[in-house]
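This report introduces one protein structure to a reader who has not met it before. Please keep the sequence and the three-dimensional view at hand while reading.

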Amino acid sequence: MNNQNSNKNYRILAIDDNRAIHEDFRKILCPSSAEAAALGEAEAKLFDEPSHARQSAVFEIDSAYQGEEGLDRVRQSLQSGRPYALAIVDVRMPPGWDGIETTQKLWEVDADLQVVICSAYSDYSWDEIIARLGNSDRLLFLKNPFDTVEILQLANALTEKWRLIRQVRNQMADLERIVRERTRQLQATNDRLLVEIAEHRESEERLNHVLEELRETQRCVIQQERLRALGGMASGIA
């Protein structure tokens, strides 16, 4: 289940054809109250913290026993808005997909999903895995038999990594939204200023035209007054 902090996601999908493995994961990651307290003490010692300062996360684990079933569960989790943060995938799951093909299919549906491939065998070389899955930072390997602390570390670290990836993406989306809104406001302000400048230029041109007409009228009046004065002088002389 999700922790009280809505940003956390403790949902894990175990994909393994061995049902006993699923029970092992639940004992480690979904312990009873007494087991949780013991695990909390172990983690506190591991991280060199006071025991009361550390509380073990309680994970929610769903099971799938073949790769195809696991893919269906991942699709359903996305459709319901409750995605998995981590998938723990076995390599050998006859007669269906193996762990590598399953991981390929899972990433086609959910690119954020963190994956731990768990196996006691060396079915693939590292070069073959890279050729199939790429050099991805979403992938870790765990050798069977695994240790309880290893599972706890991987589950805590990879679910936290999933949370941080989502957090950064949401922050980037918020920043992009703010930038778009700010750009829209600046564009609107710029358009308004351009209109005001155009109106100001138009008003200035009209004013200049009126002033020129006034100057022309003034010149005409002065010329008429001069002619009238000369006419008066001429009459007086005559």
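In what order do the five strands of the open sheet lie, and is the pairing parallel or antiparallel? The order is β2-β1-β3-β4-β5, and the strands pair in a parallel manner. The description rests on a predicted model.

**The sheet**

Strands β2 (60-64) and β5 (139-143) form the edges of the sheet, each of them pairing on one side only. On average, neighbouring strands are turned by 20° against each other, with direction ignored. Strand β1 (residues 11-15) runs parallel to β2 and is joined to β2 by five bridges. One residue pair can be named here: R11 has E60 in β2 as its bridge partner. In general, the strands of a sheet pair through backbone hydrogen bonds, in either a parallel or an antiparallel way.

Helix α4 (residues 99-109) packs on this sheet. The helix touches β1, β3 (86-90), β4 (114-119) and β5, and its direction makes about 155° with that of β3.

**Two helices in contact**

A packed pair of helices is described by the angle between the axes and by the distance between them. For helix α1 (residues 19-29) and helix α6 (residues 148-237), the angle is about 75° and the axes are 10 Å apart. Angles of 65 to 115 degrees count as roughly perpendicular, and α1 and α6 are therefore roughly perpendicular to each other. On the α1 side, the contact involves F25, I28 and L29; on the α6 side, it involves T148, I151, L152 and A155. Sorted by class, this contact has six nonpolar residues, one polar residue and no charged residues.

**An enclosed space**

How many cavities of 30 Å³ or more does the structure hold? There are two cavities of that kind. The second largest cavity contains about 30 Å³ of space. Its lining consists of L29, L86, I88, V116, I151, L154 and A155. Helix α6 gives the most to this lining, with three residues, while β3 and α6 each supply at least two. By class, the lining of the second largest cavity has seven nonpolar residues, with no polar and no charged ones. L29, I151 and A155 appear both in the contact of α1 with α6 and in the lining of this cavity.

**Cis peptide bonds**

Two peptide bonds that are cis are listed below, with the loop in which the proline named second in each bond is found.

| Residues joined | Omega | Loop of the second residue |
|---|---|---|
| P94 and P95 | about 10° | P95: between β3 and α4 |
| N144 and P145 | about 0° | P145: between β5 and α6 |

The loop that holds P95 thus lies between sheet strand β3 and helix α4, the helix that packs on the sheet. The loop that holds P145 lies between the edge strand β5 and helix α6, the helix in contact with α1.

Technical notes: Residues are numbered from 1 along each chain as its sequence is written. This is a predicted model: local features need pLDDT of at least 70, side-chain atom pairs count only at pLDDT 80 or more; totals for chains, interfaces and linings use all residues. Side-chain values use heavy atoms; hydrogens and water are left out. Axes are lines fitted to C-alpha atoms, for helices over the stretch in contact, and angles run from 0 to 180 degrees between N-to-C directions. Helices (H or I, at least four residues) and strands (E, at least two) are DSSP runs, numbered from the N terminus. Angles under 35 degrees count as roughly parallel, over 145 as roughly antiparallel, 65 to 115 as roughly perpendicular and the rest as oblique. Contact means heavy atoms within 4.5 Å. Ala, Val, Leu, Ile, Met, Phe, Trp, Tyr, Cys and Pro count as nonpolar, Asp, Glu, Lys and Arg as charged, and the others, Gly among them, as polar. Two strands pair if DSSP finds at least two bridges between them. On a 1 Å grid over the protein atoms alone, a cavity is a set of points where a 1.4 Å probe fits but cannot get out, and a pocket is an open set with protein on both sides within 12 Å along at least five of seven lines; lining residues have an atom within 4 Å of a point. Grid points are joined across faces, edges and corners, and a volume is the space filled by probe spheres set on the points.
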